[in-house]
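Colleague: Could you take me closely through one part of this model, namely how its helices pack against one another and what lies around those contacts? I would prefer one connected account to a list.

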Amino acid sequence: MLKDITFGQYVETNSLIHKIDPRVKILLLILQIVFIFITNNFYALALSFAFVLLSVLLSKVPFRMYLKNLKAILPIIIFTAIINLFYGTDGKVLLSFWKISLRTGGIYQAIYFSVRIILLITASSVLTYTTTPNDLTDAIERLLSPLRFLGLKSAVHTLAMMMTIALRFIPTLVDETQKIMN
């Protein structure tokens, strides 16, 4: 299971996504995340899915890397789906037991939230797979540079470094955890 965590790893390929400025990639990711969170129907979610799929294809990162990443969070996706199955209050009742009922709205909600989680993880993976940690640090620091005018110069640098260190040590942490478990 731990060997499946590939988030935070840079994958070197010669793709269009790799050549985009890291600041643009971060801003596009933020826009994508906002769009995923404000969607309220499957049509908007399908549009978001198309954009993420296009990004994955243009990144030229092996598709199995994305699948490995999703495999690592599969328990979270399943748990979210099960919870949402029984919290849907709309639609026709399909199954009822005691005070718990399974409705068509619950199935819709379970699928909807599971797809949202998958899209969020995949979109974030595109950024980390196609941007080196150093480039990511520089981009975060440059994006936050207007905060320097508010007297937060050291805070901007510290925040950028913290994020980079966290991303850089995910693979190391996974390896160490695997060694301990073995």
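**Helix packing and its surroundings**

Modeller: In this predicted model, the axes of H4 and H6 approach to within 10 Å and cross at roughly 130°. An angle over 145 degrees would count as roughly antiparallel, and H4 and H6 are therefore described as oblique to each other. The crossing in which H4 passes H6 is right-handed. On the H4 side the contact is made by Met65, Tyr66, Asn69 and Leu70, which meet Ile118, Ile121, Thr122, Ser125, Val126 and Tyr129 of H6. Sorted by class, this contact of H4 with H6 comprises 7 nonpolar and 3 polar residues, with no charged residues.

Two residues of that contact, Tyr66 in H4 and Tyr129 in H6, lead on to the largest nonpolar core, which holds 23 residues and in which Ile26, Val61, Tyr66, Tyr129 and Leu136 touch the most other members. The elements that contribute two or more residues to this core are helix H2 (22-38), helix H3 (42-59), helix H4 (63-72), helix H6 (104-130), H7 and H8. Of these, H6 supplies the largest share, 7 residues.

Leu136 leads from the core to a second helix pair, since it is listed among the core residues that touch the most other members and is also one of the H7 residues that meet H8. Apart from neighbours within four places in sequence, Leu136 is in contact with Ile26, Leu127, Thr131 and Leu167.

As for the pair itself, the axes of helix H7 (residues 133-143) and helix H8 (residues 153-181) come within 9 Å of each other and cross at roughly 155°. That angle makes H7 roughly antiparallel to H8, and here too the crossing, of H7 past H8, is right-handed. From H7, the residues Pro133, Asn134, Leu136, Thr137, Ile140 and Glu141 meet Val156, His157, Ala160, Met161, Met163, Thr164, Leu167 and Arg168 of H8. By class, the contact of H7 with H8 has 8 nonpolar, 4 polar and 2 charged residues.

Arg168 deserves a separate word within this contact. It lies in helix H8 and, with a relative accessible area of 41%, is partly exposed. If residues up to four places away in sequence are not counted, Arg168 touches Pro133 and Asn134, both of which are among the H7 residues that meet H8. Looking along the chain from Arg168, one finds Asn182 14 residues away in sequence and 23 Å away in space, C-alpha to C-alpha.

Two further residues complete the picture around H3, one of the helices that give two or more residues to the core. Phe42 is found in helix H3 and is partly exposed, with a relative accessible area of 30%. Setting aside neighbours within four places in sequence, Phe42 is in contact with Tyr108, Ile111 and Tyr112. Phe42 and Phe113, which are 71 residues apart in sequence, have their C-alpha atoms 11 Å apart in space.

Lys60, in turn, sits in the loop between H3 and H4. Most residues other than glycine have a negative phi, whereas the phi of Lys60 is near 60°, a positive value in a residue that is not glycine. With 55% relative accessibility, Lys60 counts as exposed.

Terms used:
Residues numbered from 1 in each chain as written. Predicted model: local features only at pLDDT ≥ 70, side-chain atom pairs only at ≥ 80, totals over all residues. Heavy atoms only, no water. Axes fitted to C-alpha atoms, helices over the stretch in contact; angles between N-to-C directions. Helix = DSSP H or I, 4+ residues; strand = E, 2+ residues; numbered from the N terminus. Parallel < 35°, antiparallel > 145°, perpendicular 65-115°, else oblique. Left-handed = near helix turned anticlockwise from the far one by under 90°. Contact = heavy atoms within 4.5 Å. Nonpolar A, V, L, I, M, F, W, Y, C, P; charged D, E, K, R; others polar. Core = buried A, V, L, I, M, F, W, Y, C linked by side-chain atoms within 4.5 Å. Buried < 20%, exposed > 50% of the residue type's maximum accessible area, 1.4 Å probe, protein only.
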